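Student: I have a structure open and would like to talk through it with you. Could we go feature by feature?

Tutor: Happily, let's start.

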Amino acid sequence: MIEKNRTMIHKTAIIDEKVKLGKNVKIGPYSIINSNVTIGDNTDIKSHVVIDSNTKIGSNCNIFQYASVGAEPQDLKFKGEESFLEVGDNTTIREFATLNRGTENGGSLTKVGNNVLLMAYSHIAHDCILGNNVILANSANLAGHVTIEDNAIVGGLVGVHQFVKIGRFAFIGGKTAVMKDVPPFVIAAGVEQANVHGLNSVGLKRHGFSDDVIAEIKKVYRVFFRFGLPLSDAIKEAENLEQTPEVVSFIDFIKQSERGIVCQKRK
């Protein structure tokens, strides 16, 4: 190991001279870090990791062996233009996970928030935006331009269609194909396509939501998924409810959806 300012770099690692390393960074055997990369304090990079150009890694991150971070996007429209990947603090990237840089058509940026867990073989395509405290389970795959809001959980073997948006505190069950937007606070699952299966009540309680707040979320949920109203009528009905922050965010998410909203599971 080569030690400099308490940063430990294995002698077999290849580090470009333009890489900026924080304090107490560890870089394991045979890892490769290319130019214009910044790595924050106390980040631990295991063996055989590749971090490509124009990538910024936050502090206190853990990147496990064979992860590919910041590679070119898998997009035929990409012509080598400058693009970027940003990963926030306290994020864990497990074995064989892949994170691609952005493209010009998507703002040139792929961004992962703080306190994110990306399990083994998960994939984040170009121009995806992930909020804080997001979890992608093993082999969860995001197509390009996907947005996932704070505290959402995506189960194993999930495939998310490009441009889909998943709301905060949503839970996506394993093996689900997500073709449309998933509102905040709900559970969605389904092999052929995602359907709504109710509120993520357990997750909300675990995150400190009170019974009163959950009750208000249930009211707006029922308007959209239980009453059978046309969308325009459901929005009007929902706007007559008490406009708590959670209710407002639920309504706004549906109003702003471009791909349409997942449906209630039919019995």
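Student: In which strand does Ile-14 lie?

Tutor: Before we begin, keep in mind that this is a predicted model. Residues 14–15 make up one strand, and Ile-14 belongs to this run. The strand asked for is E3.

Student: Does Ile-14 count as buried or exposed?

Tutor: The cut-off for exposed is over 50% relative accessible area. Ile-14 has 51% relative accessibility, so the label is exposed.

Student: Which residues make the nonpolar surface patch that includes Ile-14?

Tutor: The patch covers about 220 Å² of nonpolar surface. Its makers are Ile-14, Ile-32 and Val-50.

Student: Strand E3 also appears in an open sheet. What is the strand order there?

Tutor: Nine strands form this open sheet, and their pairing is parallel. Each of the edge strands, E3 and E27 (177–178), pairs on one side only. Read across, the order is E3-E6-E9-E12-E15-E18-E21-E24-E27.

Student: Take the pair E15 and E18: which residue in E18 is the bridge partner of Thr-98?

Tutor: Strand E15 (residues 98–100) and strand E18 (residues 123–124) run parallel and are joined by two bridges. For Thr-98, the partner in E18 is His-123.

Student: Which are the edge strands of the open sheet of eight strands?

Tutor: This sheet also has parallel pairing, in the order E4-E7-E10-E13-E16-E19-E22-E25. An edge strand here pairs on one side only. The edges are E4 (20–21) and E25.

Student: And in E22, what is the bridge partner of Ile-129?

Tutor: Strand E19 (residues 129–130) runs parallel to E22, with two bridges joining them. The partner of Ile-129 in E22 is Thr-147.

Student: Let's turn to charges. How many salt bridges does the count come to?

Tutor: Side chains of opposite charge can pair when their charged atoms come close. The rule asks for a side-chain nitrogen of Lys or Arg within 4 Å of a carboxyl oxygen of Asp or Glu. By this rule, the number of salt bridges is six.

Student: Lys-46 and Asp-44 meet in a salt bridge. Is Asp-44 buried or exposed?

Tutor: The N to O distance in this pair is 3.0 Å. Lys-46, with a relative accessible area of 23%, is partly exposed. The limit for buried is under 20%, and Asp-44, at 18%, is therefore buried.

Student: The side chains of Glu-149 and Lys-165 also meet in a salt bridge. How many residues apart are they?

Tutor: The N to O distance here is 3.5 Å. This pair links distant parts of the chain: Glu-149 sits in the loop between strand E22 (147–148) and strand E23 (153–154), whereas Lys-165 is in strand E25 (residues 165–166). Both ends are partly exposed, Glu-149 at 22% and Lys-165 at 26%. Along the chain, the two are apart by 16 residues.

Student: What is the N to O distance for Glu-239 and Lys-255?

Tutor: Glu-239 lies in the loop between H3 and helix H4 (245–256) and Lys-255 in helix H4, so the salt bridge ties together parts 16 residues apart in sequence. Glu-239 is partly exposed at 35%, and Lys-255 is partly exposed at 43%. Their N to O distance is 2.5 Å.

Student: What is the volume of the largest pocket?

Tutor: Its lining has 14 residues, with Phe-224, Phe-225, Leu-231, Ile-261 and Val-262 nearest the centre. Helix H2 (211–225), helix H3 (231–238) and strand E30 (263–264) each give two or more residues to that lining. The volume is about 300 Å³.

Student: What is phi of Tyr-66 near?

Tutor: Tyr-66 is found in the loop between strand E11 (62–63) and strand E12 (68–71). Its relative accessible area is 41%, so Tyr-66 is partly exposed. Phi has a positive value in this residue, which is other than glycine, and is near 70°.

Student: And what is phi of Ser-139 near?

Tutor: Ser-139 belongs to the loop between strand E20 (135–136) and strand E21 (141–142). Here too the residue is other than glycine and phi is positive, near 65°.

Student: Last one: how far apart in space are Lys-23 and Gly-174?

Tutor: Lys-23 lies in the loop between E4 and strand E5 (26–27) and is exposed, with a relative accessible area of 57%. In sequence, Lys-23 and Gly-174 are 151 residues apart. From C-alpha to C-alpha, the distance in space is 38 Å.

Notes
Residues numbered from 1 in each chain as written. Predicted model: local features only at pLDDT ≥ 70, side-chain atom pairs only at ≥ 80, totals over all residues. Heavy atoms only, no water. Patch = residues over 30% accessible without salt bridge, like charges linked within 9 Å, V, L, I, M, F, W, Y side chains within 5 Å. Areas by Shrake-Rupley, 256 points an atom, 1.4 Å probe, with all protein chains shown as cover. Helix = DSSP H or I, 4+ residues; strand = E, 2+ residues; numbered from the N terminus. Buried < 20%, exposed > 50% of the residue type's maximum accessible area, 1.4 Å probe, protein only. Pairing = 2+ DSSP bridges. 1 Å grid on protein atoms, 1.4 Å probe; cavity = no way out; pocket = protein on both sides within 12 Å on 5 of 7 lines; lining within 4 Å. Points joined across faces, edges and corners; volume = space filled by probe spheres on them.
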